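The following note is intended for a colleague who meets this structure for the first time. Please read the numbered points with the model in view.

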Amino acid sequence: MIKAIITDFDGTLVDTFEANFKAYSLTFKQFGLDITREQYHACFGLRFDAFMDAMKIDDANLRSNIKKEKAKVYPTCFSYLKPNVTLIDFIRKAKVSGVKTAIASTAQRGNLMNVLKHLQLEDIFDVIIAGDTVKKGKPDPEIYITSMSILEVSPTETLIFEDTEVGLMAAERSGANVVKITGDYYK
């Protein structure tokens, strides 16, 4: 029996690709840098430091400034967010029936909470685990194992929704039941 639902955030609960891409494009330009849609797509789902590594941005000061500035710019791009209405409705109904709910995302807590508040979704989750809560990023299952521990459920009692390859690997490695979210859920 499923006692908990855990969902990834970016690309699963909300299609944030375009909003994040626009925010990073604007931020990178402020620092004389460029990012293509293809570069960002290849890095989507990675933690910030892994993203900076992939973009070959090694300077710690620059990384810090990009992170701060992107957090400021991101809310100006919220019009590009696409909520996964099907999944959101499913989670709402499951919560009403007594299923525990969580978000397990590599997103920065501030960005994540800003989007949840903007979309009025923060009340449907019992637990919100952000990227800064765990030591290892996906594909390591730490974020899902931590979420299940806090929710006090076993992997066999848990249903995880994910969209990226690294996220799916993490979810599967946690031992939970996994549903892959594709772009079809946003139609």
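1. Just after helix α1, G32 adopts a positive phi of about 70°. Helices (H or I, at least four residues) and strands (E, at least two) are DSSP runs, numbered from the N terminus.

2. On the basis of this note: the model is predicted, so local features need pLDDT of at least 70 and side-chain atom pairs count only at pLDDT 80 or more, while totals for chains, interfaces and linings use all residues. Residues are numbered from 1 along each chain as its sequence is written, and side-chain values use heavy atoms, with hydrogens and water left out.

3. Helix α1 has 14 residues, which at 1.5 Å a residue should span 20 Å, and its end C-alpha atoms are indeed 20 Å apart. The expected span is 1.5 Å times one less than the number of residues. F17, A19, N20, F21, A23, Y24, S25, T27 and F28 are buried in α1; buried means under 20% relative accessible area, exposed over 50%, and partly exposed in between (1.4 Å probe, protein chains only). The cover over these buried residues includes β2 (14-15), α2 (37-43), α3 and α4.

4. T27, a residue of α1, deserves separate mention. Its relative accessible area is 0%, so T27 is buried. Leaving aside residues up to four places away in sequence, T27 touches I66, E69, K70 and V73, where contact means heavy atoms within 4.5 Å.

5. Those four contacts of T27 are also among the buried residues of helix α4, which are R63, I66, E69, K70 and V73. They cover an arc of only 140° around the axis, which puts them on the same side of α4; the arc is that of the directions from the helix axis to the C-beta atoms. An α-helix has 3.6 residues a turn, so residues three or four places apart point the same way. On the other side of α4, A60, N61, K68 and K72 are exposed.

6. Helix α4 (residues 60-73) reaches 20 Å from its first C-alpha to its last, close to the 20 Å expected for its 14 residues. Its buried residues pack against α1 (17-30), α3 (48-54) and α6 (109-118). Where α4 starts, a side-chain oxygen of D59 comes to within 3.0 Å of the backbone nitrogen of N61.

7. What is the order of the strands in the open sheet? Five strands are arranged as β5-β4-β1-β6-β7, with parallel pairing. The edge strands, β5 (127-129) and β7 (177-180), each pair on one side only. From one strand to the next the twist averages 20°. Two strands are taken to pair if DSSP finds at least two bridges between them.

8. Strand β1 (residues 4-7) is covered on both faces: A4 and I6 are buried on one side, I5 and T7 on the other. Four bridges join β1 to the parallel strand β4 (residues 100-104), and A4 stands opposite K100 there. Four bridges also link β1 and β6 in the parallel sense; the partner of I5 in β6 is L159.

9. L159 has a further bridge partner in β7, namely N177. Strand β6 (residues 158-162) and β7 run parallel and are joined by four bridges. Helix α8 (residues 165-173) packs on the sheet, touching β6 and β7, and its direction makes about 165° with that of β7. For such angles, axes are lines fitted to C-alpha atoms, for helices over the stretch in contact, and values run from 0 to 180 degrees between N-to-C directions.

Definitions and conventions: Polar contact = N/O pair within 3.5 Å; in protein donor to acceptor, adjacent residues only side chain to side chain.
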